[in-house]
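Take a walk through this model, beginning with its sheet. Then turn to the helix packed on that sheet and to the aromatic rings.

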Amino acid sequence: MLILPIKREWFEMIASGDKKEEYRELKPYYHTRIKNTFGFDYKNKQVEIVFRNGYKHNSPSVRCLCELEVGEGKKEWGAKPKKRYYILKILKIIEIKNWDNPNPPKVKEAMAVAALPATAPITPIENFQEEITKAINKQFAIGIDIGEGISRSGQSRKNTMMFGG
């Protein structure tokens, strides 16, 4: 599946359904990637493409069903006048991932950032004060489970805070 990086402005327009085309310059780099995805006979061929706002695996992304054309794009969607592009026509949005604010308000002052709720520790830290003091005084280590996280490789892992030792 072809994954293409995209600026936040264009990502948000695609994810909200306002932008129906994405453009890539007619250069060897994109020629190779698009040919490998669509093949030589690209007319009327529909392919899934992921547009990702960033390079990390967990960056906001939108998976779309697209068709390919070559031609001039629309200025309001980022194309330069009288310049030819690979035009990825967005037929359908299949999935949106990691987009925190799917309906951003138009007024900047009223904008509230949507965020995932914080993961609370399994046991409140104040309950550990006595154990922490004992561990420090006795010079032995204790581990306190403070929740789960995601490693760089995308694997779930436990976060542990160590005291004493």
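**The sheet and its surroundings**

S4 and S5 run antiparallel, joined by 12 bridges. The model is a predicted one. S4 covers residues 61-72, and S5 covers residues 84-97. Two bridge partners help to place this pairing. Glu72 has Arg84 as its partner in S5. Glu67 has Lys89 as its partner in S5.

Step from S4 to S3. Six bridges join S3 and S4, and the two strands run antiparallel. Ile49 stands opposite Cys64 in S4. S3 itself spans residues 47-52 and is mostly covered. Of its six residues, five are buried.

Now go on from S3 to S1. Here the sense is parallel: S1, residues 2-5, pairs with S3 over four bridges. Leu4 has Phe51 as its bridge partner in S3.

Return to S5 and take the other direction. S2, residues 21-25, is joined to S5 by five bridges, and these strands run antiparallel. Glu22 stands opposite Leu88 in S5.

Put the pairings together. The five strands make an open sheet in the order S1-S3-S4-S5-S2, with mixed pairing. What is left without a neighbour at the edges of the sheet? S1 and S2 stand there, and each has a single partner strand, so one side of each lacks a neighbour in the sheet. From one strand to the next, the twist averages 40 degrees.

Which helix packs on this sheet? Helix H2, residues 28-38, does, and it touches S1, S2, S3, S4 and S5. The direction of H2 makes about 145 degrees with that of S1.

Step back to the chain as a whole. Its secondary structure comes to three helices and seven strands. From the N terminus on, the elements follow the order β-α-β-α-β-β-β-α-β-β. The chain has 165 residues, and buried ones make up 30% of them. Its accessible surface comes to about 11500 Å². Carbon and sulfur atoms account for 52% of that surface. Contacts also reach along the sequence. Take those between residues at least 6 apart: 55% of them join residues at least 24 apart.

Last come the aromatic rings. How many aromatic pairs does the count give? It comes to three. One pair is formed by Phe11 and Trp99. Their ring centres lie 5.7 Å apart, with 85 degrees between the planes, and the pair is edge-to-face. This pair links distant parts of the chain, its members being 88 residues apart. Phe11 sits in helix H1, residues 8-15. Trp99 lies in the loop between S5 and helix H3, which covers 129-138. Are these two residues buried or exposed? Both Phe11 and Trp99 are buried.

Tyr29 and Tyr30 form another pair. Their ring centres are 5.0 Å apart and their planes stand at 75 degrees, so this pair is edge-to-face. Planes over 60 degrees apart count as edge-to-face. Why does Tyr30 count as buried? Its relative accessibility is 19%, and the cut-off for buried is under 20%.

Note on methods: Residues are numbered from 1 along each chain as its sequence is written. This is a predicted model: local features need pLDDT of at least 70, side-chain atom pairs count only at pLDDT 80 or more; totals for chains, interfaces and linings use all residues. Side-chain values use heavy atoms; hydrogens and water are left out. Buried means under 20% relative accessible area, exposed over 50%, partly exposed in between (1.4 Å probe, protein chains only). Two strands pair if DSSP finds at least two bridges between them. Axes are lines fitted to C-alpha atoms, for helices over the stretch in contact, and angles run from 0 to 180 degrees between N-to-C directions. Contact means heavy atoms within 4.5 Å. Accessible areas come from the Shrake-Rupley method with a 1.4 Å probe; for residues, only the protein chains shown count as cover. Rings of Phe, Tyr and Trp (its six-membered ring) pair if their centres lie within 6.5 Å; planes under 30 degrees apart count as stacked, over 60 as edge-to-face and the rest as tilted.
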